[in-house]
Each structure stands twice: as structure tokens, then as C-alpha cells.
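Please open the model in a viewer and keep the selection tool at hand. The tour below proceeds one selection at a time.

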Amino acid sequence: MNEISDNSQTCGREQAEKAQTQAWEAVELLERARELMVEDSATQPAVKHLEAALHEAKARAAVLENWYQRTYGRVNAGGA
């Protein structure tokens, strides 16, 4: 029984680590997209929407990181 519980905890921790890592990767991709869009004056109107998406992605990644730290006691990957 403990073995099943340990496997379940390990699986949950691995999924949490993956989600946290992917959240910060999304932030990095949005930051890169913003850099590219700023270079192209034709996309200037879209930059404000990208900025909003980037702000939301950073907030979600920070929430995941905070939850992970409270749950598992250390920060895995990190961005901001």
C-alpha cells in the first residue's frame, strides 16, 4: 500500500515539475515573440495583446512555482 502511495506522490511531483517548467518555457517564448514583434512595425498593434498574454503567463507560472515550493519544499525550475 505504501508503495502505491509513494508512486502516486512521485508521479504527482513529476507532473508538477513538468507543469512548472512548461509554464516558464511559455513565458520565455512569449518574451521572444514580443522581441520579434517589436522589431516589425507592422505588428505594433498586436504588441499590447502579447503584453497581456505575457503578464498572464508570468502570473500563472509564479502561482505554480509558489504552490510547488509550498507543496514540495523547493523550487524546481524558475523564471522570474
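Does Tyr72 count as buried, partly exposed or exposed, and at what relative accessibility? Tyr72 counts as partly exposed, because its relative accessibility is 24%, and buried would require a value under 20%. Please bear in mind throughout that this is a predicted model.

**The aromatic cluster**

Keep Tyr72 selected and add Trp67. The two rings form an edge-to-face pair, with 6.0 Å from centre to centre and 90° between the planes. Trp67 is partly exposed, at a relative accessible area of 36%. Now add Tyr68, which pairs with Tyr72 in a tilted arrangement: the centres are 4.9 Å apart and the planes stand at 45°. Tyr68 and Tyr72 are both in helix 2, separated by 4 residues, or about one turn of the helix. Tyr68 counts as buried because its relative accessibility is 1%. Trp67, Tyr68 and Tyr72 together form one aromatic cluster.

**The whole chain and helix 2**

Next, display the whole chain as a cartoon. It has 2 helices and 0 strands. Buried residues make up 16% of its 80 residues. The accessible surface of the chain is about 5800 Å², and carbon and sulfur atoms contribute 53% of it.

Select residues 44-72, which are helix 2. This helix has 29 residues and spans 42 Å from its first C-alpha to its last, close to the 42 Å expected. Several of its residues are buried, among them Val47, Leu50, Glu65 and Tyr68. Move one step past the end of the helix to Gly73, where phi is positive, at about 85°.

**The nonpolar core**

Select Ala23, Trp24, Val27, Leu54, Ala57 and Ala61. These 6 residues make up the largest nonpolar core. Helix 1 (2-39) and helix 2 each supply at least two of its residues. As a general tendency, nonpolar side chains in soluble globular proteins are buried together.

Centre the view on Ala23. Leaving aside residues up to four places away in sequence, Ala23 touches Ala61 and Leu64. Leu64 is found in helix 2, and it is partly exposed, with a relative accessible area of 30%. With the same neighbours in sequence left aside, Leu64 touches Ala19, Gln20 and Ala23. To see how distant parts of the sequence come together, draw a line between the C-alpha atoms of Leu64 and Trp24: these residues are 40 apart in sequence and 9.6 Å apart in space.

**Salt bridges**

Which residue forms a salt bridge with Lys58? Select Glu31: the closest N and O atoms of this pair are 3.3 Å apart. Lys58 belongs to helix 2 and Glu31 to helix 1, so the bridge links distant parts of the chain, 27 residues apart. Lys58 is partly exposed at 32%, and Glu31 is partly exposed at 24%.

Then select Arg34 and Glu51, which form a salt bridge with closest N and O atoms 3.4 Å apart. Arg34 lies in helix 1 and Glu51 in helix 2, so this pair ties together parts 17 residues apart in sequence.

Finally, select Glu56 and Arg60, whose side chains meet in a salt bridge of 2.7 Å, N to O. Both lie in helix 2, 4 residues apart, about one turn of the helix. Glu56 is partly exposed at 38%, whereas Arg60 is exposed at 55%. The whole structure holds 5 salt bridges, including those visited here.

Methods:
Residues are numbered from 1 along each chain as its sequence is written. This is a predicted model: local features need pLDDT of at least 70, side-chain atom pairs count only at pLDDT 80 or more; totals for chains, interfaces and linings use all residues. Side-chain values use heavy atoms; hydrogens and water are left out. The expected span of a helix is 1.5 Å times one less than its number of residues. Buried means under 20% relative accessible area, exposed over 50%, partly exposed in between (1.4 Å probe, protein chains only). A nonpolar core is a set of buried Ala, Val, Leu, Ile, Met, Phe, Trp, Tyr and Cys residues joined through side-chain atoms within 4.5 Å. Contact means heavy atoms within 4.5 Å. Accessible areas come from the Shrake-Rupley method with a 1.4 Å probe; for residues, only the protein chains shown count as cover. Rings of Phe, Tyr and Trp (its six-membered ring) pair if their centres lie within 6.5 Å; planes under 30 degrees apart count as stacked, over 60 as edge-to-face and the rest as tilted. A salt bridge is a side-chain nitrogen of Lys or Arg within 4 Å of a carboxyl oxygen of Asp or Glu.
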